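Could you walk me through this structure in plain language? I would like to know what to look at, and in what order.

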Amino acid sequence: MSQTRFRSSLLMAPALLWLTALMVVPCALVLALAFFRRGIYGGIDYTFTLENFGLVFNPLYAGIFLKSARIAGTATLIAVVVGYAAAYAIAAAPRRWQPVFLFFAVLPFWSNYLIRTYAWIVLLNREGLVTQLLRWFGYTGEPPSMLYTEGAVIAGLVYNYLPFVVLACYAPLSRLNPELAEASRDLGASAMTTFRRVILPLTVPGIAAGAVFVFVLSIGNFVTPALLGGGRFQMIGNLVYDQFLTANDWPFGAALAMALIAIMLLVLMAQALAADRAAGRAAQTTGGGDG
Amino acid sequence: MAERSPATRRTLWLVLTLVFAFLYIPIAVLVALSFNEGGLPTAWSGFSLKWYASLAGNSSILSAGLNTLIVALVSTAIATLLGTLLAIGVEMRRQYGKGLEALIFAPMIIPDIVLAIALLSFFSMINLTMGLHTIILAHVVFNLAFVCSVVRARLKSFDWSIVEASADLGASAITTFRRVTLPVILPAVVAGALLAFTLSVDEFIIAFFTAGAGRASTTLPMQIYAMIRFGITPEINALATIVMAVSITALTLSQRLNRGMIGQ
């Protein structure tokens with residue numbers, strides 16, 4: 001037994017050392033940075049301060065946090081509704097086609113993120129495909145400005161993360177016992193009631209996993225706002241970027257990054273809670289059905 | 001599932017069609033435009049490979065491509081080795097702490113921008129000159145986590161008693177690994193390596209922050225980002241098509257080797 005433990009430790013050691021040296025230590029360092037002052041010439045002045053965290057709550061920056069949360073929230077809502085519908089449709093398709101549909105729904109997710117975002121510049125720019133299409137239908141006015149708007153950023157986020165929601169929602173939908181829905185209908189429930197009271201509660205864990213994924217990746221996103229929101233469009237990710245690469249205020253940038261991590265942890269905790277409660281309800285629905 | 005009315009079935013097919021159109025039209029437009037002689041989205045002026053030819057003559061794209069290949073190959077090799085050993089080490093134990101689990105899981109969920117600035121701060125604090133080697137150090141962090149999770153999934157159904165049997169029959173630890181464990185996990189190891197390779201080829205933010213000053217260590221995604229910010233050019237369409245073809249091929253292979261990673 002102890003020999004197994006020793007061997008196991010030996011096997012894990014190189015990877016764990018790598019993760020410690022190049023993830024744990026650097027992240028701890030950033031956390032520490034957040035408690036120091038910015039030096040006069042952009043360096044770091046090693047005197048303890050909480051100012052950086054105070055600055056995060058400054059109306060200007062708190063506003064950017066709220067805006068990021070609003071954009072991420074909207075993208076999450078749209079992605080979950082569309083992704084759930086798609087997953088439902090895949091789960092309802094003939095059995096042998098399901099893996100194929102699922103594979104093709106997820107495939108775009110594994111291609112380059114920058115390129116998928118760039119595709120939306122091609123679609124939405126003033127002389128882009130959408131404008132061409134409108135002209136073709138007889139539209140003659142000014143080209144609509146769609147690129148460099150909040151809507152474009154949301155579209156980009158939904159597009160990029162939708163496949164994951166489909167994947168996350170498909171898992172519980174495909175495992176659903178069809179007899180449950182039949183029983184509900186036999187007992188006189190309408191299709192809508194069956195969906196709302198039986199199917200939906202049983203698939204909450206998938207929805208929660210998909211939603212958390214989209215929200216967390218969207219709120220800290222830096223590429224999509226930079227490319228589809230235009231040069232002056234800022235979400236938290238862009239703010240962090242600026243502190244490190246242009247404003248040279250690393251301590252404040254570090255505090256912003258910590259706030260981002262804190263939000264992420266909160267969301268993950270909420271997900272765990274939702275999954276627990278759903279598991280409890282599912283046990284009631286399926287287990288205590290004879291009451 | 002239960003029988004559905006024709007109306008419901010039509011609605012479900014409509015949903016599928018619309019979602020697939022949403023997912024694939026933007027990519028299809030890009031690919032189509034990369035073969036458009038005129039290069040503009042305004043009009044189709046004939047099939048041409050000239051934008052691919054012009055890529056081949058662009059030295060900064062070629063050197064970025066070479067850098068990307070170096071980073072992806074080296075980081076994948078290191079990550080595959082470390083990640084596989086880690087997976088075996090973890091699964092050998094009958095129990096392990098939540099802390100270990102969190103440490104292995106963290107690189108997959110930590111926001112890119114946070115890891116990027118953390119590594120930038122770290123490298124500059126220890127006065128390490130940044131370049132391709134620092135990008136490799138950084139890419140191994142998330143790559144090994146992904147390799148580990150793919151291999152672990154395979155090991156979940158592994159019967160450890162055959163390892164004991166092999167040892168009882170007098171095989172050395174090395175022989176047991178080579179003849180018993182490795183053949184079982186090999187498809188997962190290769191699948192994990194292919195996944196790591198594509199992740200590394202596509203990774204932009206961490207590379208951007210850990211590449212250091214100067215253009216010498218520009219990777220393909222960094223080059224693409226710079227080109228996109230500069231404006232739309234037909235070359236980007238061609239480059240995008242090539243990059244997508246490479247990652248989709250690698251991922252499809254990975255999926256075939258390791259059923260269940262992308263699918264169920």
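The tour below goes from one whole chain, through the contact between chains, to helix pairs and a few single residues.

Please keep in mind from the start that this is a predicted model. Chain B is a good place to begin: it has 11 helices and zero strands. Reading along the sequence of chain B therefore gives the pattern α-α-α-α-α-α-α-α-α-α-α, with helices and strands taken as DSSP runs. Along its principal axes, the C-alpha trace of chain B spans about 70 × 65 × 30 Å. Of the 264 residues in chain B, 47% are buried. Contacts in chain B that join residues at least 6 apart in sequence can also be sorted by separation, and 79% of them link residues at least 24 apart.

Now bring in the second chain. How many residues of chain A are in contact with chain B? There are 68 of them, and they meet 62 residues of chain B. On the chain A side, helix H1 (residues 2-33) of chain A supplies the largest share, 18 residues. By type, the chain A side of this contact has 54 nonpolar residues, 10 polar and four charged.

Helix H1 of chain A is also where you will find A:Ala32. This residue counts as partly exposed because it has 13 C-beta neighbours inside 10 Å, and a residue needs 20 or more to be buried. A:Ala32 and A:Gln271 are 239 residues apart along the chain, and their C-alpha atoms are separated by 28 Å.

Next, look at the interior. The largest nonpolar core has 171 residues. Among the residues with the most contacts inside this core are A:Tyr118, A:Val166 and A:Leu256, along with B:Leu86 and B:Ile117. To see what surrounds one of them, take A:Leu256: neighbours within four places in sequence aside, it is in contact with A:Val56, A:Ile236, A:Leu239, A:Val240 and A:Gln243.

Some helix pairs deserve a closer look, starting in chain A. Helix H3 (residues 59-92) of chain A packs against helix H7 (residues 150-175) of chain A at an angle of about 40 degrees, with their axes 6 Å apart. That angle makes H3(A) oblique to H7(A). The crossing of H3(A) and H7(A) is right-handed. Their contact involves 23 nonpolar residues, three polar and one charged.

H7(A) has another partner, helix H10 (residues 204-219) of chain A; the two axes come within 7 Å and cross at roughly 160 degrees. How do these two helices run relative to each other, roughly parallel or roughly antiparallel? Angles over 145 degrees count as roughly antiparallel, so H7(A) and H10(A) are roughly antiparallel to each other. Their crossing is right-handed. On the H7(A) side the contact includes A:Leu157, A:Tyr161, A:Phe164 and A:Val165, and on the H10(A) side it includes A:Ile207, A:Phe213, A:Val214 and A:Leu217. The residues of this contact divide into 14 nonpolar, three polar and no charged.

Chain B offers a further pair. Helix H4 (residues 98-109) of chain B and helix H6 (residues 132-155) of chain B pack at about 115 degrees, and their axes lie 8 Å apart. This crossing of H4(B) and H6(B) is left-handed. From H4(B) come B:Ile104, B:Pro107 and B:Met108, which meet B:Val141, B:Phe142, B:Ala145, B:Phe146 and B:Cys148 of H6(B). The contact of H4(B) with H6(B) has eight nonpolar residues, no polar and no charged.

Finally, visit the loops. B:Gly97 sits in the loop between helix H3 (59-92) and H4 of chain B. With 9 other C-beta atoms within 10 Å, B:Gly97 is exposed. B:Gly97 and B:Gly83 are 14 residues apart in sequence and 18 Å apart in space, C-alpha to C-alpha.

Backbone angles draw attention to other loop residues. Most residues other than glycine have a negative phi. A:Tyr148 has a positive phi, near 60 degrees, and lies in the loop between helix H6 (129-136) and H7 of chain A. A:Tyr148 counts as partly exposed, with 19 C-beta neighbours inside 10 Å. Over in chain B, the phi of B:Asn127 is positive too, near 55 degrees. B:Asn127 is in the loop between helix H5 (112-125) and H6 of chain B. B:Asn127 has 6 C-beta neighbours inside 10 Å and so counts as exposed.

Definitions and conventions: Residues are numbered from 1 along each chain as its sequence is written. Chains are lettered from A and ligands numbered from 1 in the order in which they are written. This is a predicted model: local features need pLDDT of at least 70, side-chain atom pairs count only at pLDDT 80 or more; totals for chains, interfaces and linings use all residues. Axes are lines fitted to C-alpha atoms, for helices over the stretch in contact, and angles run from 0 to 180 degrees between N-to-C directions. Helices (H or I, at least four residues) and strands (E, at least two) are DSSP runs, numbered from the N terminus. A crossing is left-handed if the near helix is turned anticlockwise from the far one by less than a right angle, and right-handed if clockwise. Two residues are in contact if their C-beta atoms, placed from the backbone, lie within 7 Å. Ala, Val, Leu, Ile, Met, Phe, Trp, Tyr, Cys and Pro count as nonpolar, Asp, Glu, Lys and Arg as charged, and the others, Gly among them, as polar. Angles under 35 degrees count as roughly parallel, over 145 as roughly antiparallel, 65 to 115 as roughly perpendicular and the rest as oblique. A residue is buried if 20 or more other C-beta atoms lie within 10 Å of its own, exposed if 12 or fewer, and partly exposed in between; C-beta atoms are placed from the backbone. A nonpolar core is a set of buried Ala, Val, Leu, Ile, Met, Phe, Trp, Tyr and Cys residues joined through C-beta atoms within 7 Å.
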